Amino acid sequence: MEISQRKRKILTAIVENYIATAEPVGSKALAEVIGCSSATIRNEMAELTSMGYLEQPHTSAGRVPSPAGYRLYVNELMERQKLSEAETSAINDRLASKQKELDDLMAEVGRLTSSMTNYPAYALAMKAPAAVKRFDFIYVDANTFIVVALLTDNTVKNKLVHLPFSVNQEQIQTLSSLFNAHFTGVTDDEITDVLIRSTERAAGDTYGLVAVVAAFVMEVLAKTKTAPVRVAGASHLLNQPEYRDPDKAHALMNFISNGDRLLSDLPQMDGLEQDGLRVTIGPENLAEELRDSSVIMASYDAGGGMRGYIGVVGPTRMDYSSVAAKLSYIAAGLSRMLAGTDAPEGLNNKLVLKEMDRNE
């Protein structure tokens, strides 16, 4: 049922007055704001009550908004406030300081590792793979709905979906139920074409709504896995006779300095134990630029569901034992500092030698 502008104005005033005072709102309190007589406002309030947008706690009391009244207010009536410049600055500063703390630590760890080993080093901290804990689908109108995803790291992501066709509230509720049943607790890698098609059949979806929401979910989950790579000491390569060829040295230094490329082409990090290392030698590396080099990598517990990695890149004749010992000790110290765990004592030399034997 269409609500008149006067009713909208009265409902808005009641919601905002009740938010401010926590007391039921009567017609006299609204007369000056609305510019109508108390009798007219009482009649309008009675109609809003019969429509389900207001409630009357007591017979002689004023009205309070119902859940439906709040929903209408949020969707259509409330004025979108803008944060003050001071508020936005305070929020941005706090967020930036937290990110800067982690970035500064990763940069310092990279510099420390490079100075201790005399090889180029990298450091990063990655979140554990996230999944969606719960979906909420909010119907706005026939051509619009909102997808809200609560992730397992307790962050919330949302997307406003505009449609070139009409849907009803029941269809959106069906989508919500199906996504909560089949898309919660899964990583982006587990959202397959088979899962999407089966959900489309269950929803009777011939418009591609499931695919649109699934694409949003995969994009959100993929972003939770990205992490900046801090690289230090690339110039250490110039001290090694293997890289006296300027073209060879330049190509490898450019590769190492590109954190995103380095991260995508590094050896797979899955399966590294907290006190373990991974050694890849020469042609075992995926990247062409690393085919004449070796990479040693160690992991550490960064706390808060995050995993960190440090590593060095150098010639295949690098001092594996020395570098592995230093990486292991630095990783153990980081785990102690960031996660409060007991770090392993010393170096698991047997693990390193076993890995090297396998690679020979």
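This is a dialogue on reading helix faces, packing, cores and loops in a predicted model.

Trainee: Before the details, how many helices and strands does the protein have?

Mentor: The secondary structure comes to 12 helices and 10 strands. Of the 360 residues in the protein, 42% are buried. Keep in mind that we are reading a predicted model.

Trainee: What share of the contacts comes from residues 24 or more positions apart?

Mentor: Such residues account for 57% of the contacts with a separation of 6 or more.

Trainee: Let's take a helix, then. Which residues of α7 are buried?

Mentor: Here is the general idea to start with. An α-helix has 3.6 residues a turn, so residues three or four places apart point the same way. Now the case: helix α7 covers residues 193-203, and its buried residues are L195, I196, T199 and E200. Viewed down the axis of α7, these buried residues fall within an arc of 135°, so they line one face of the helix. On the other side of α7 you find D193, V194, R201 and A202, which are exposed.

Trainee: What covers the buried residues of α7?

Mentor: The cover includes α6 (169-182) and α8 (209-223). Just after α7 comes G204, with a positive phi of about 65°.

Trainee: How should I describe the way α6 and α7 pack, and at what angle do they do so?

Mentor: Two packed helices are described by the angle between their axes and the distance between the axes. For α6 and α7, the angle is about 145° and the axes are 10 Å apart. The crossing of α6 past α7 is right-handed.

Trainee: Which residues meet there?

Mentor: From α6, the residues are T174, L175, L178 and H182, and they meet L195, T199, A202 and A203 in α7. By type, the residues of this contact divide into 5 nonpolar, 3 polar and no charged. Notice that L195 and T199 take part in the contact and also belong to the buried residues of α7.

Trainee: Can we try the same reading on another helix? Which residues of α2 are buried?

Mentor: In α2 the buried residues are S27, L30, A31 and I34. Seen down the axis of α2, they fall within an arc of 125°, so they too line one face of the helix. K28, E32 and V33 are exposed on the other side of α2. The buried residues of α2 pack against α1 and α3 (38-50). Just after α2, G35 has a positive phi of about 80°.

Trainee: On to the interior. Which residues touch the most other members of the largest nonpolar core?

Mentor: This core has 28 residues, and F135, F137 and F145 touch the most other members. At least two residues of the core come from each of β4 (132-141), β5 (144-151), α6, α7 and α8. The element that gives the most is α8, with 8 residues. There is also a second, separate core of 24 residues, and A123, L277, M318 and I330 are among its members.

Trainee: What does F135 touch, leaving out residues up to four places away in sequence?

Mentor: With those left out, F135 touches V147, V148, A149, S176, F179, N180, F183, T184 and V217.

Trainee: How about a glycine inside a helix: is G69 buried or exposed?

Mentor: G69 sits in helix α4 (residues 67-77). Its relative accessibility is 0%, so G69 counts as buried. Leaving out residues up to four places away in sequence, G69 touches L11, G52 and Y53. The C-alpha atoms of G69 and T12 are 9.0 Å apart, although the two residues are 57 residues apart along the chain.

Trainee: Last, the loops. Which phi does A22 take?

Mentor: Phi of A22 is near 65°, a positive value in a residue other than glycine. A22 lies in the loop between α1 (5-21) and α2 (27-34), and A22 is exposed, with a relative accessible area of 53%. N118 likewise has a phi near 65°. Its loop lies between α5 (85-117) and β3 (121-127), and N118 is partly exposed at 44% relative accessible area.

Trainee: And where is N143 found?

Mentor: N143 is in the loop between β4 and β5, partly exposed with a relative accessible area of 31%. Measuring C-alpha to C-alpha in the model, N143 and L163 lie 4.8 Å apart in space and 20 residues apart in sequence. The residues touched by N143 include V161, H162, L163 and P164.

Notes:
Residues numbered from 1 in each chain as written. Predicted model: local features only at pLDDT ≥ 70, side-chain atom pairs only at ≥ 80, totals over all residues. Heavy atoms only, no water. Buried < 20%, exposed > 50% of the residue type's maximum accessible area, 1.4 Å probe, protein only. Helix = DSSP H or I, 4+ residues; strand = E, 2+ residues; numbered from the N terminus. Arc of directions from axis to C-beta. Contact = heavy atoms within 4.5 Å. Axes fitted to C-alpha atoms, helices over the stretch in contact; angles between N-to-C directions. Left-handed = near helix turned anticlockwise from the far one by under 90°. Nonpolar A, V, L, I, M, F, W, Y, C, P; charged D, E, K, R; others polar. Core = buried A, V, L, I, M, F, W, Y, C linked by side-chain atoms within 4.5 Å.
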